[in-house]
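Colleague: I am new to this structure and would love a friendly tour. Please show it to me, and then let us talk it through.

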There are 2 protein chains.
Amino acid sequence: MAMNGAESLVRTLVAGGVEVCFTNPGTSEMHFVAALDRVDGMRAVLCLFEGAATGAADGYARMADKPASTLLHLGPGLGNGIANLHNARRARSPVVNIVGEHATYHRVFDAPLTSDIEGLAGPVSAWVRTGLSAAAVAADGAAAVTAARTAPGGVATLILPADTAWEEGTGIAAVPPPPERARASDEAVTHALAALRSGEPVLLHLGDRAVRGEGRRIAARIAQATGAKLLAMTSNARIDRGAGTVPIDRLPYPVDPARAALETYRHIILVGATLPVAFFAYPGKPSALAPATCDVFALATPEQDQIDALERLAAAVGAPAEPSLPAGPRPELPGGDLLDQDTVGRVLGAMIPEGAIICDESVTTGRNFFASTHASAPHTWLQLTGGSIGLGIPMATGAAVACPDRKVISLQADGSALYTAQALWTQARERLDVVTLIWSNRSYAILKLELANVGANPGRKALDMLTLDDPPVDWVSLARGYGVEGRRVERLPDLVDVLRGALKRRGPFLIEVAL
Amino acid sequence: MAMNGAESLVRTLVAGGVEVCFTNPGTSEMHFVAALDRVDGMRAVLCLFEGAATGAADGYARMADKPASTLLHLGPGLGNGIANLHNARRARSPVVNIVGEHATYHRVFDAPLTSDIEGLAGPVSAWVRTGLSAAAVAADGAAAVTAARTAPGGVATLILPADTAWEEGTGIAAVPPPPERARASDEAVTHALAALRSGEPVLLHLGDRAVRGEGRRIAARIAQATGAKLLAMTSNARIDRGAGTVPIDRLPYPVDPARAALETYRHIILVGATLPVAFFAYPGKPSALAPATCDVFALATPEQDQIDALERLAAAVGAPAEPSLPAGPRPELPGGDLLDQDTVGRVLGAMIPEGAIICDESVTTGRNFFASTHASAPHTWLQLTGGSIGLGIPMATGAAVACPDRKVISLQADGSALYTAQALWTQARERLDVVTLIWSNRSYAILKLELANVGANPGRKALDMLTLDDPPVDWVSLARGYGVEGRRVERLPDLVDVLRGALKRRGPFLIEVAL
């Protein structure tokens, strides 16, 4: 069957299970776009900005456990997608990141849009390849899918010169099944077992697959048998939470509470988690959060099979078959008019519907949301993994594409929302079932805290750089601009009413919550 | 005088003539922000997105002929600024691009926001350095200013680890005066002279400083003496135009008209211009636009002193002291109701006020705007140099900061405007005198043309990727969201009325022009 390179690439991606392409194409990608017409099985989702496309691919991957593709335009298009590719890299989300490039023979002419795309891609990619010919591009695509799916999951960037898309291709390349995760070593299990039998305080620090749902249940069985404690990482790609799951707290973000949370332990067993380190450095404070006297070691790395490692450890300690779950009651709605971090957290606790996907870029506002939602209806919680703000709205968009039958609730700090609000338009275009809650405090609240943390003593000019009230951003107008209906609420009963209505209907809605 | 590294850096920048910092800071930049409080002479302009900051720095540099600084947050913040740094690189705009980084000792811990900042900076920077200590940071800043000002101007990226900002610094470093431009060789002048005396058709192809105002006058004198023709590059960082200046057309953007424009010449003399090449490659079309039989050579490169080279050539050909300027009448307003590319161009021709700065990201809509504005009131025209869309609104913001007494008119394609519309907020915050005209055709019109140009035959799914009408973007609501007043116009007389009102008042205003 005759087909050009673009079509052979798209057909290969579909054969490899890639069903969605989040696109923001340009001239050099026109043959890829045209190929989408001729290939069934690839849904094209248009984004107005590349950061929306890459963030959506991250959200999609976290929920679908397989890669979507992107379609970006040359170096600058990739540049606009880098911040959310950074988050995807930290979430270990599989992404097939396709970046158009000038035709192979055209690059030497240094046309205005020419730049070093491989150089830009490297820092956010687990794998980078530039296509050399239309004949090879199907194999390149298969290699990209494999690279993205290689545990623990990563960003595979395939750079696609225009002539490799328009010249005659060689058909579809076979995509091998996803590689198996490596098995954790017996030594690691033995080491963990010795720690658990030492009689000294032990923490099971969970991340990646170990923190989701199944891993947490096994960890809880181990904890029950041994007295060890559980703690999630500060930022997690995905946790399945709520009634019927094992409640787990996160390592606090600020350095002092984080150190306090770890200081009693003599052994920290990392399961899918990385070394607990401070998000930022502060004058006079350490970077490593665990006490120097603590033995920190990995039972299973993010690359390894964490579920298998936990099962082996559970068997070794003689853990019970089921964890006893605290049957906490579903939280009740708070009373009064006041909207603050505490009351909005309790509103969420009471109102999260069963099966909801919570995309959380609440930043300061959400630091205690876990406490009020442990016993909510079962739901899935996605966090900002790489610290690069502007993920929330795109991530919610991608999660909604992956799970059309689940309600998505996007918890969004206002300052952060302003990086990639364009994704609201894609929510409207695709009729995605997303309720966005904007925490409108009209400031970079985290920076006001951080300015104090680093010992800087701010004056008016500095505080002006952290304040967003002149002019105030009008989120209802902004949402309307992108085709999404919205409401501003300033009293708690109004939040409850408007949120209830938004949860009942289908389609995107935005609530600006005055804090 | 005791001061920390941040303060010694800011004071050094001010000493080097850097008066404005376009900021989007984060935790690692808090000491730099605090230092702004203690230093007079550095205006801090807050942007909601890094692409707004870098695009504003480009627009500022084009009008001020000196660098502004940026302040960006780690690798992802730099990532968000890359697209407009790419444009600045192609405009050869001097920019001191400051990127915060983790403290030197913290990087090894691979905290979530850690990434390879130098790797990301390289492709868009003429110079990159990572600060090693607070004692050296003032010297680093001086080196960055010098690198940015080295002809023809470039992006100098200084990466600033947090501890180099908060540790004790060593005062202010001296910034040498901007390096002189190199002199074009006598051989180049002799070569050009021979071409002009050959009796064969000669084109003076102008870019960079040669195309602005003074260079164009000298080139016009040469043309008058020799019969040579003048043509500007397709995209130019800055042209001072209108009544009293030498009218000049641009090399067309599409390949076929561009080749037709060049095919009669046997000699093309580049003055500040680069080789004429196709913006993109197309199947079966060449990349180089000049005929193979044509002698294309540089009288003066962008790095060299183009004005001096033109003067030497003018003297050699015995050019008249003054060009005779065609005293074309100021264009009149068109009649009728119809809004299209032609009529809006004629509205601009009639209504551009004296001294206006036109920031042009019109893309397809603006391809013929030059023809209708040659004899407008004197004004300055800035174009999209690097082809990375999303420059216009930020560039207008920066130009208005540089020239508070000049009206800025931002001509903006709607699809492109959606990348960095956040810069409208900065216009409102800083009360900048900018009128934005959104050409609202609700499509990526250029891609519809390009899809045909590359020979792709689009179906519904492909065309969907180029169409922005579902939902339509409501620009008046979007502007209101960012604190900017706006109006939508659908008839030509309404455009004239609303534009007249917007030009009379001060401060930002947006007009959505239905096309």
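**A tour by question and answer**

Colleague: Which residues of chain A are covered by the UniProt annotation "domain: Thiamine pyrophosphate enzyme N-terminal TPP-binding"?

Modeller: This is a predicted model, in which local features need pLDDT of at least 70, side-chain atom pairs count only at pLDDT 80 or more, and totals for chains, interfaces and linings use all residues. Residues are numbered from 1 along each chain as its sequence is written, chains are lettered from A and ligands numbered from 1 in the order in which they are written, and side-chain values use heavy atoms, with hydrogens and water left out. UniProt positions follow the numbering used here, with feature names shortened, and annotations may be inferred rather than shown by experiment. According to the unreviewed UniProt entry, the domain "Thiamine pyrophosphate enzyme N-terminal TPP-binding" takes in residues 3-107.

Colleague: How far apart are the end C-alpha atoms of residues 3-107 of chain A?

Modeller: Helices (H or I, at least four residues) and strands (E, at least two) are DSSP runs, numbered from the N terminus. Over residues 3-107, chain A is 50% helix and 20% strand. The C-alpha atoms at the two ends are separated by 25 Å.

Colleague: How many residues of strand 14 of chain A are buried?

Modeller: Buried means under 20% relative accessible area, exposed over 50%, and partly exposed in between (1.4 Å probe, protein chains only). In a regular strand, side chains alternate between the two faces of the sheet. Here Val408(A), Ser410(A) and Gln412(A) point one way, Ile409(A), Leu411(A) and Ala413(A) point the other way, and all are buried. For strand 14 of chain A (residues 408-413), the buried count is thus 6 of its 6 residues.

Colleague: Which residue of strand 15 of chain A is the bridge partner of Ala413(A)?

Modeller: Two strands pair if DSSP finds at least two bridges between them. Strand 14 of chain A runs parallel to strand 12 (residues 356-361), with 5 bridges, and Glu361(A) has Gln412(A) as its bridge partner there. Strand 14 of chain A also runs parallel to strand 15 (residues 434-440), with 6 bridges. In strand 15, Ala413(A) is partnered by Trp439(A).

Colleague: Why is Cys403(A) not bonded to Cys359(A)?

Modeller: A disulfide is a pair of cysteine sulfur atoms within 2.5 Å, and a search of the whole structure finds 0 of them over all chains. Cys47(A), for one, has its nearest cysteine sulfur, that of Cys21(A), 9.2 Å away. Cys403(A) counts as buried at 13% relative accessibility. The sulfur of Cys403(A) is too far from its closest cysteine sulfur, in Cys359(A), for a bond, because the distance is 9.7 Å.

Colleague: How much space lies in the largest cavity?

Modeller: A cavity is a set of points, on a 1 Å grid over the protein atoms alone, where a 1.4 Å probe fits but cannot get out, and lining residues have an atom within 4 Å of a point. Grid points are joined across faces, edges and corners, and a volume is the space filled by probe spheres set on the points. The structure holds 5 cavities of 30 Å³ or more. In the largest, the space is about 60 Å³.

Colleague: Which residues lining the second largest cavity are closest to its centre?

Modeller: The second largest cavity has about 50 Å³ of space. A total of 10 residues line this cavity. Those closest to its centre are Thr27(A), Ser28(A), Ala162(A), Trp166(A) and Ala281(B).

Colleague: What is omega for the peptide bond from Asp470(A) to Pro471(A)?

Modeller: Most peptide bonds are trans. Pro471(A) sits in the loop between helix 18 (460-464) and helix 19 (475-481) of chain A. The bond from Asp470(A) to Pro471(A) is cis, with omega near -5 degrees.

Colleague: What is phi of Arg442(A)?

Modeller: Most residues other than glycine have a negative phi. Arg442(A) lies in the loop between strand 15 and helix 17 (445-453) of chain A, and is partly exposed at 26% relative accessible area. Though not a glycine, Arg442(A) has a positive phi of about 55 degrees.

Colleague: Is Asp208(B) buried or exposed?

Modeller: Asp208(B) belongs to the loop between strand 7 (202-206) and helix 9 (214-226) of chain B. Its phi is positive, near 45 degrees, in a residue other than glycine. With a relative accessibility of 14%, Asp208(B) counts as buried.

Key. On a 1 Å grid over the protein atoms alone, a cavity is a set of points where a 1.4 Å probe fits but cannot get out, and a pocket is an open set with protein on both sides within 12 Å along at least five of seven lines; lining residues have an atom within 4 Å of a point.
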